[in-house]
Amino acid sequence: MGLTAAACVLLPTAPASAAPADLVIDYECSGTGPSSIAKYAPVRLRTRLTFATDLVVGGALDLKWSLAYKDASRFTSPGYYVGGSVMNIMGNVQIAGAWQNILQPTGATTIAQGLQLDKELPLPAGISDPGLLNKPGVIKIEPKDIVVDFAPPNGEANVNDGNDIDNPRGHVITYGPGWTPFDDRPRSENHIHNDYHETSSQYAWAELKFVGTGVQYVGPRDHEGGPVEIELDGGVRGSVDPSKNAVGDPVNEVHNGGHTLWELNGLPYGEHKIKITNASTRKAWLDAFRVITNKDAVPTDFHRATCKIVSNPVSIEVTVKDRPGPSPTGTPTTGQPSPSVTPTQSPSPSTSTSQPNQNNNNGNNNHHDDRTVADRLVSVHGNTTSTPTATTKPSAGPTATNYVAAQVKKTPFGGVPSGEAPVASQQPYALLAGGSVLLLGSAAGGVLMRRRRAAHAGNRR
């Protein structure tokens, strides 16, 4: 039983894994681009930053950042686009201490459906960025600003003059007096959403503000039409007559819809305004404006929003440990070491010795350093770690003995503080076995003696 109990006590226990860091951070985002996705009011986000804290050199500091809207505020589309827009988000995390760096977790989500002006934009589910840990030390991790960008796709998006299902009221074409809507037209007429607006009033106008690099005026060709004047950004750009074809010949068509009557491309990406005006008392029609976007002309930060922390600033310090090294190969020293004697002919005025728990890399130290970086770290300046070296006073005489502090963390009970750990191979198994034999022999001898005495007394007890 004694040996079994001892074995149970000596069994090693695995260290528990460190719990991951879990930081909840609130942000408020404001527009910083010329046509920001946060143009109406600040957008508030609630984020959660998590990462492992049991870090080892050669591993990665893998930041995982989840994002969600905190309340009813939302990022909104800055214009009309076909499917394929992208929301890009980049976080910033300051790393200080044993090494200096900025990690920038990134994430993106592609919006498959087309967008109308001021339509809600989705957030990426999360952002991440694994950073390689190349040396030990204590580092401080502190979240900073988040940057949100919107990237429109190439393509053409129809802005129709339909009902609220087609385009929300207040964010569509603006009509002046004199226009009449016609809905639910036959599909054979080829109108977008099967509807259009018509006027016979001279100077009746309609306009649209849009963000893009080009625009088209879409309507039917009809023999009853008259000239329509086109303005862009406050200046007249031309006119068109829907009663004539592309080469100027009159047509005999009636409500032949879906034609591009006028267009302009190559505009600088940004907000523009197109306006059409009926230049006569003949009929004029408007089916839709078609907004064109060339994404190569879009500046990266044109729709940007920048998010700043509004909750209490948070940070956390973690220790990056050395990767465990190979087992020591030297032969352990047994017994008490002989003291080092300074030669009598040349006494050394001073002797430099290592601090306790510090490895010597000169091949004379066979003890493995099992301390963490936190045990060893003395001071950190930028990327440099330094450990001071102690210097002893001059020896008392030419034959004085210098002792080195113990290299083990705890001197065994009853041992001499020699700096040597007990030799693992010299276990007291032989002594325990000998004691057990002696004990069994004594018990057997006692039983034999009692039997002989009983026989001598005539088996009387």
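Me: How many salt bridges does a search of the whole structure find?
Reply: The search turns up 14 salt bridges. Keep in mind that this is a predicted model.

Me: OK, take R48. Which side chain does R48 meet in a salt bridge?
Reply: R48 meets D22, with 3.2 Å from N to O. R48 sits in strand β2 (residues 43–51) and D22 in strand β1 (residues 21–31), so the salt bridge ties together parts that are 26 residues apart in sequence.

Me: Are R48 and D22 buried, exposed or partly exposed?
Reply: R48 is partly exposed, at a relative accessible area of 39%. D22 counts as partly exposed too, with 42% relative accessibility.

Me: What does D26 form a salt bridge with?
Reply: With R46, and the closest N and O atoms are 2.8 Å apart. That pair also links distant parts of the chain: D26 belongs to strand β1 and R46 to strand β2, 20 residues apart.

Me: And D26 itself, buried or exposed?
Reply: D26 counts as buried, at 8% relative accessibility. The cut-off for buried is under 20% relative accessible area. R46 comes out as partly exposed, at 41%.

Me: Which residue is linked with D26 and R46 in a network of salt bridges?
Reply: K70 is linked with them in that network.

Me: What about K308, which side chain does it meet?
Reply: The side chain of D145, in a salt bridge of 2.8 Å from N to O. Here the two ends are 163 residues apart, with K308 in strand β22 (residues 305–309) and D145 in strand β9 (residues 137–151). K308 is partly exposed at 47% relative accessibility, and D145 is partly exposed with a relative accessible area of 25%.

Me: Switching to strands. How many bridges join β2 to β4?
Reply: Six, and β2 and β4 run antiparallel. As a landmark, T50 stands opposite K64 in β4.

Me: What else is β4 joined to?
Reply: β4 is joined to strand β8 (residues 126–132) by seven bridges, again running antiparallel. In that pairing D62 stands opposite P130 in β8.

Me: Which residues of β4 are on its covered face, and which on the uncovered one?
Reply: β4 spans residues 60–69. Its covered face has L61, L63, W65, L67 and Y69. The uncovered face has A60, D62, K64, S66 and A68. K64 and D62, which came up a moment ago, are both on the uncovered face.

Me: On to the open sheets. What's the order of the one with three strands?
Reply: β12-β13-β20, with antiparallel pairing.

Me: Why is one side of β12 and of β20 left without a neighbour in the sheet?
Reply: Because β12 (180–182) and β20 (284–286) stand at the edges, and each has a single partner strand. The twist averages 30° from one strand to the next.

Me: How many bridges between β13 and β20?
Reply: Three, with strand β13 (residues 196–199) and β20 paired in the antiparallel sense. T199 has A284 in β20 as its bridge partner.

Me: And what's the order in the sheet of five strands?
Reply: That open sheet goes β11-β14-β19-β16-β17, with antiparallel pairing. β11 (174–175) and β17 (235–240) are at the edges with a single partner strand each, so one side of each has no neighbour in the sheet.

Me: How many bridges join β16 to β17?
Reply: Five join strand β16 (residues 228–232) to β17, and the two run antiparallel. E231 has V236 in β17 as its bridge partner.

Me: Rings now. How many aromatic pairs does the structure hold?
Reply: Seven. One of them is Y175 with W179, which is edge-to-face: the centres are 5.6 Å apart, with 65° between the planes. Y175 is partly exposed, at a relative accessible area of 21%, while W179 is buried, at 12%.

Me: And the pair of Y217 and F289, why is it tilted?
Reply: Because their planes are at 45°, and tilted covers what is neither under 30 degrees nor over 60. Their ring centres are 6.2 Å apart. The pair links strand β15 (residues 214–221), home of Y217, to strand β21 (residues 288–293), home of F289, and the two residues are 72 residues apart. Both Y217 and F289 are buried.

Me: Last one: what lies over the face of W205?
Reply: K275 does, at 5.2 Å from the ring centre.

Conventions:
Residues numbered from 1 in each chain as written. Predicted model: local features only at pLDDT ≥ 70, side-chain atom pairs only at ≥ 80, totals over all residues. Heavy atoms only, no water. Pairing = 2+ DSSP bridges. Helix = DSSP H or I, 4+ residues; strand = E, 2+ residues; numbered from the N terminus. Axes fitted to C-alpha atoms, helices over the stretch in contact; angles between N-to-C directions. Phe/Tyr/Trp six-rings, centres within 6.5 Å; stacked < 30°, edge-to-face > 60°. Buried < 20%, exposed > 50% of the residue type's maximum accessible area, 1.4 Å probe, protein only. Lys NZ or Arg CZ within 6 Å of the ring centre and 35° of its normal. Salt bridge = Lys/Arg side-chain N within 4 Å of Asp/Glu carboxyl O.
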